[in-house]
Amino acid sequence: MKIIEVDLKNIRQNGIIVDLNNGFKIDFIYNHYDNFIYLSVLDNLENRITGFNKLVPNVNYLGFNNNNYKEQLRCIKVNEFAEEKDYITPENINKDYKFFLIGGENETI
């Protein structure tokens with residue numbers, strides 16, 4: 001299991017791509033209309049594996065389109081006393097939530 005820290009402070013101005021160093025990248029965008037963060041998973045050549053999905057807790061983002069991946073990419077709430085219930089913002093993502101890359105070639109799920 002690998003914990004992924006992301007810095008989304010400037011996401012309201014620009015999209016952000018985070019390299020996971022294992023063949024995956026995450027593309028984050030901010031929607032000003034509904035004030036939600038959306039993410040898409042890319043492969044190492046920056047081809048889209050998934051479309052853009054609303055960032056919500058405890059969802060396997062690698063399992064949307066293709067279940068052939070051994071890994072799971074999840075955003076899990078780690079602070080049970082978070083002020084906003086299940087609403088992920090650029091300000092609270094590293095404080096109340098963490099991204100986990102679970103599984104892989106040498107691990108079992």
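Helices and strands are here DSSP runs, numbered from the N terminus, with at least four residues for a helix and at least two for a strand. With that in hand, welcome to this protein, which is shown as a predicted model.

## The overall layout

The protein has one helix and seven strands. Followed along the sequence, these elements come in the pattern β-β-β-β-β-β-α-β. There are 109 residues in the protein, and 43% of them are buried. Its exposed surface comes to about 6,600 Å², with carbon and sulfur atoms supplying 45% of that area. Among contacts with a separation of 6 or more, 36% are made by residues 24 or more positions apart.

## The nonpolar core

A general tendency helps here: in soluble globular proteins, nonpolar side chains tend to be buried together. In this model, the largest nonpolar core has 25 residues, and F28, L55, L73 and F99 have the most contacts inside it. Two or more residues each come from strand 2 (16-19), strand 3, strand 4 (36-43), strand 6 (72-77) and strand 7. Strand 3 gives the largest share of this core, four residues.

## A pair of rings

The structure holds one aromatic pair. F28 and F99 form it in an edge-to-face arrangement, with 5.7 Å from centre to centre and 70° between the planes. Because F28 lies in strand 3 and F99 in strand 7 (residues 97-102), the pair ties together parts that are 71 residues apart in sequence.

F28 is buried, with a relative accessible area of 0%. Leaving out residues up to four places away in sequence, F28 touches V6, L8, I11, G15, I16, V18, I37, Y38, L39, L55 and F99.

Another ring has a different kind of partner: K54 lies over the face of F36, at 4.1 Å from the ring centre.

## Four buried residues side by side

Here are some buried residues and their relative accessible areas.

| Residue | Relative accessible area |
|---|---|
| D27 | 9% |
| Q72 | 16% |
| C75 | 0% |
| F99 | 1% |

Why does Q72 count as buried? Buried means under 20% relative accessible area, and Q72 counts as buried because its relative accessibility is 16%.

## D27 and its surroundings

D27 lies in strand 3 (residues 24-31). Which side chain makes a polar contact with the side chain of D27? That partner is R48, at 3.0 Å. Setting aside neighbours within four places in sequence, D27 is in contact with I16, I17, Y38, L39, S40, L42, R48 and F52.

## Two stops on strand 6

Both remaining residues can be found on strand 6: Q72 and C75. The side chain of Q72 makes a polar contact with the side chain of R74, at 2.7 Å.

C75 is buried, with a relative accessible area of 0%. Not counting residues up to four places away in sequence, C75 touches L55, V56, P57, N58, V59, I88, Y97, K98 and F99. The C-alpha atoms of C75 and F100 are separated by 6.3 Å, although these residues are 25 residues apart along the chain.

Conventions:
Residues numbered from 1 in each chain as written. Predicted model: local features only at pLDDT ≥ 70, side-chain atom pairs only at ≥ 80, totals over all residues. Heavy atoms only, no water. Buried < 20%, exposed > 50% of the residue type's maximum accessible area, 1.4 Å probe, protein only. Contact = heavy atoms within 4.5 Å. Areas by Shrake-Rupley, 256 points an atom, 1.4 Å probe, with all protein chains shown as cover. Polar contact = N/O pair within 3.5 Å; in protein donor to acceptor, adjacent residues only side chain to side chain. Phe/Tyr/Trp six-rings, centres within 6.5 Å; stacked < 30°, edge-to-face > 60°. Lys NZ or Arg CZ within 6 Å of the ring centre and 35° of its normal. Core = buried A, V, L, I, M, F, W, Y, C linked by side-chain atoms within 4.5 Å.
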